[in-house]
Amino acid sequence: MKIQQGCTSAIILNEKDEILFTKRSDSDDFLPGVWELPGGGIEYGETPQDSIKREIKEECGLEIEVQSSFPHVKWELALRQNYYFCYNCSLFK
């Protein structure tokens, strides 16, 4: 599925079942200092799975494998359809 507007997040567990969270910079314009699941926006022509792999590599320097997905959320804003995808991921070994 190729998406025009959307974002992705990853739930990445380690061997102790701890979840990776990332903290936004305190100087960010959007949600400064907030802890969140790593992820980001889907670029034009990109699949959500490709997007989450790219975002995790860019933000965390980690290679991941998408294991499964949660139901996606779709909403309309300013006459555009937007999507949010969340994936259960593991570190690539």
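Glu58 is exposed, with a relative accessible area of 53%. In this predicted model, Glu58 forms a salt bridge with Arg54, and the closest N and O atoms are 3.3 Å apart. Arg54, at 17% relative accessibility, counts as buried. The pair therefore joins an exposed residue to a buried one. The points below cover the salt bridges, the largest pocket and two further residues.

**Arg54 and its partners**

- Arg54 sits in helix α1.
- Glu58 and Arg54 are four residues apart in helix α1, so about one helical turn separates them.
- Arg54 is counted as buried because its relative accessibility of 17% falls under the 20% cut-off.
- Glu58 is counted as exposed because its 53% is over the 50% cut-off.
- A second salt bridge joins the side chains of Glu46 and Arg54, at 2.7 Å from N to O.
- The side chains of Arg54 and Glu46 also register as a polar contact of 2.7 Å.
- Glu46 and Arg54 are both buried.
- Setting aside residues up to four places away in sequence, Arg54 touches Gly41, Glu43 and Glu46.

**Salt bridges across the model**

- The count of salt bridges comes to eight.
- Glu43, Glu46, Arg54, Glu55 and Glu58 are linked in a salt-bridge network.
- Arg24 and Glu36 form a salt bridge through their side chains, at 3.0 Å from N to O.
- That pair links distant parts of the chain, twelve residues apart: Arg24 is in the loop between β2 and β3 (35-36), and Glu36 is in strand β3.
- Arg24 has a relative accessibility of 22% and so counts as partly exposed.
- Glu36 has a relative accessibility of 25% and so also counts as partly exposed.

**Largest pocket**

- The volume of the largest pocket is about 310 Å³.
- Its lining has 17 residues, and the closest to the pocket centre are Arg24, Glu36, Gly39, Gly40 and Glu59.
- Arg24 and Glu36, the salt-bridged pair, are thus among the residues closest to the centre.
- At least two lining residues come from each of β1 (6-12), β2 (22-23), β4 (39-41) and α1 (48-60).
- By class, the lining divides into six nonpolar, six polar and five charged residues.

**Thr8**

- Thr8 lies in strand β1.
- Its relative accessibility is 2%, so Thr8 counts as buried.
- Beyond its neighbours within four places in sequence, Thr8 is in contact with Pro38, Gly39, Gly40, Ile42, Pro48, Ser51, Ile52, Tyr84, Phe85 and Tyr87.
- Among these contacts are Gly39 and Gly40, which also belong to the residues closest to the centre of the largest pocket.
- Thr8 and Tyr84 are 76 residues apart along the chain, yet 5.7 Å separates their C-alpha atoms.

**His72**

- His72 is in the loop between β5 (64-69) and β6 (73-77).
- With a relative accessible area of 39%, His72 is partly exposed.
- From C-alpha to C-alpha, His72 and Tyr87 are 9.5 Å apart in space, with a sequence separation of 15 residues.
- Tyr87 is also one of the residues in contact with Thr8.

Conventions. Residues are numbered from 1 along each chain as its sequence is written. This is a predicted model: local features need pLDDT of at least 70, side-chain atom pairs count only at pLDDT 80 or more; totals for chains, interfaces and linings use all residues. Side-chain values use heavy atoms; hydrogens and water are left out. On a 1 Å grid over the protein atoms alone, a cavity is a set of points where a 1.4 Å probe fits but cannot get out, and a pocket is an open set with protein on both sides within 12 Å along at least five of seven lines; lining residues have an atom within 4 Å of a point. Grid points are joined across faces, edges and corners, and a volume is the space filled by probe spheres set on the points. Ala, Val, Leu, Ile, Met, Phe, Trp, Tyr, Cys and Pro count as nonpolar, Asp, Glu, Lys and Arg as charged, and the others, Gly among them, as polar. Buried means under 20% relative accessible area, exposed over 50%, partly exposed in between (1.4 Å probe, protein chains only). A polar contact is a pair of N or O atoms within 3.5 Å; within protein, one must be able to donate a hydrogen and the other to accept it, and residues adjacent in sequence count only if both atoms are side-chain atoms. Contact means heavy atoms within 4.5 Å. A salt bridge is a side-chain nitrogen of Lys or Arg within 4 Å of a carboxyl oxygen of Asp or Glu.
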